Amino acid sequence: MTHVIVLGNEKGGSGKSTTAMHLIVALVKAGRKVGAVDLDLRQRSLTRYLENRRKFADLKGQTLAFPVVSAVEPSALDSREAARAQETENLQSALAALEGCDFAIIDCPGADTHLSRLAHMHADTILTPLNDSFVDFDLLARIDPETNRITGPSLYSEMVWEARKTRAMSGVAGGIDWVVIRNRLSATRARNKKNVGDKLEDLAARIGFRLARGFGDRVIYRELFPMGLTLLDLGGRDAPVRLSTMSHVTARLEIRSLVASLDLPQPAIEEQAA
Ligand SMILES: Nc1ncnc2c1ncn2[C@@H]1O[C@H](COP(=O)(O)OP(=O)(O)OP(=O)(O)O)[C@@H](O)[C@H]1O
Ligand SMILES: [Mg+2]
């Protein structure tokens with residue numbers, strides 16, 4: 001069975017594609033077979049990240065970890081209904097093509113689209129990176145401005161709720177594990193950081209997600225994209241780029257910590273021995 005991990009958050013620029021890419025490389029390097037699906041058919045950031053990686057590998061003659069890529073075509077049909085039906089089929093075929101993979105990692109756009117909704121319904125794990133601000137928090141929950149208390153779920157959590165309901169009704173075993181991580185944590189804005197953190201912990205129990213350790217705000221993430229590299233490719237003597245600062249080392253630990261806390265299915269004992 002392929003374990004489906006969906007990177008989702010309707011808020012743009014929260015770190016979905018960056019996290020998707022790091023997760024893909026982490027799992028391939030751990031010897032797992034990973035499929036990648038880019039559902040951001042407009043920006044195609046994950047696709048472009050992987051294209052940059054291929055170019056870099058060819059240019060430097062390096063062997064890098066790659067996933068199996070499965071593309072989903074947008075529908076060009078005029079009728080909304082027909083276009084949706086066609087996209088539903090396209091996503092199903094893209095996932096069917098990844099049947100032999102241990103994991104399928106689906107990167108969603110920062111908007112509510114038909115394909116994104118469908119992907120959430122296929123998810124075993126939903127991973128939601130969240131910028132560390134109340135603007136992003138607003139997509140998860142409403143807060144009463146006077147009392148500062150959480151008054152109820154909001155757009156994106158309602159979408160996850162729908163996905164959970166659909167999955168439960170379809171009879172698929174097991175629920176969806178929803179993991180939220182705070183991204184771009186700043187070392188200086190300590191007060192806001194604590195406020196958002198407290199509110200998230202409060203909300204986690206109420207709408208059914210768990211919080212994993214997030215990522216710090218680091219320039220290296222933006223620098224790696226043009227080369228198609230991740231923090232996990234840096235370091236070592238044979239590495240294409242050296243791990244140069246403590247900040248990079250810490251960032252890599254943050255990625256490893258996230259992968260561990262996702263609690264993903266492990267390979268069978270026979271597979272490990274092979
Ligand atoms: N921890 C971080 N520190 C610094 N920059 C980051 C961090 N995470 C992501 N970024 C940068 O923020 C920008 C947005 O990240 P990314 O493209 O991963 O977000 P996204 O959620 O996929 O966006 P979209 O919703 O537009 O698809 C990118 O330039 C990325 O390099
Ligand atoms: Mg993206």
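This is a short walk through one predicted model, from its sheet to its helix contacts and then to the shell around ligand 1.

Okay, so keep in mind as we go that this is a predicted model. Let's start with the sheet. It's an open one with seven strands, and the order reads β3-β2-β4-β1-β5-β8-β9, with parallel pairing. Which strands sit at the edges? Those are β3, residues 68-69, and β9, residues 210-212, and each of them pairs on one side only.

If you want one strand pair to look at, take β1 and β4. Strand β1 covers residues 3-7, strand β4 covers 103-107, and the two run parallel over five bridges. To get your bearings there, find H3: the residue opposite is F103 in β4.

Now put a helix on that sheet. Helix α2 packs on it and touches β2 (34-38), β3 and β4. The direction of α2 makes about 125° with that of β2.

And α2 has a helix partner too, which is α1. The axes of α1 and α2, the latter being residues 45-60, come within 9 Å and cross at roughly 45°. Angles from 35 up to 65 degrees count as oblique, so α1 and α2 are oblique to each other. The crossing is right-handed. Who's touching whom? From α1 we have S17, A20 and M21, and they meet S45, L46 and Y49 of α2. Sort the residues of that contact by class and you get four nonpolar, two polar and no charged.

Okay, next stop, helix α4, residues 114-122. I've got two contacts to show you for this one.

The first is with α3, residues 80-96: the axes of α3 and α4 come within 10 Å, crossing at roughly 45°. So again, that pair is oblique, and the crossing of α3 and α4 is right-handed. On the α3 side you'll find R84, E87, T88, L91 and L95, and they meet H114, L115, L118, A119 and H122 in α4. That contact splits into five nonpolar, three polar and two charged residues.

The second is with α6, residues 155-170. Here the axes of α4 and α6 come within 8 Å and cross at roughly 50°, which makes α4 oblique to α6. The handedness of the α4 and α6 crossing is right-handed. Helix α4 brings R117, H120 and M121, while α6 brings M159, V160, A163, T166 and R167. By class, that's four nonpolar, two polar and two charged residues for α4 with α6.

Last thing, the ligand. Which residues come nearest to ligand 1? There are 20 residues around ligand 1, and the nearest of them are G12, K16, S17, T18 and G110. You've met S17 already, in the contact of α1 with α2.

Two helices, α1 (16-29) and α8 (220-224), each give at least two residues to the shell around ligand 1. The largest share, three residues, comes from α1. And what's the makeup by class? The shell around ligand 1 has 10 polar residues, six charged and four nonpolar.

So if you open the model, α1 is a good place to pause: you can follow that helix to its right-handed crossing with α2, or to the three residues it supplies around ligand 1. That's my tour, thanks.

How values were computed
Residues numbered from 1 in each chain as written. Chains lettered and ligands numbered in written order. Predicted model: local features only at pLDDT ≥ 70, side-chain atom pairs only at ≥ 80, totals over all residues. Axes fitted to C-alpha atoms, helices over the stretch in contact; angles between N-to-C directions. Helix = DSSP H or I, 4+ residues; strand = E, 2+ residues; numbered from the N terminus. Parallel < 35°, antiparallel > 145°, perpendicular 65-115°, else oblique. Left-handed = near helix turned anticlockwise from the far one by under 90°. Contact = placed C-beta atoms within 7 Å. Nonpolar A, V, L, I, M, F, W, Y, C, P; charged D, E, K, R; others polar. Near = placed C-beta within 6 Å. Pairing = 2+ DSSP bridges.
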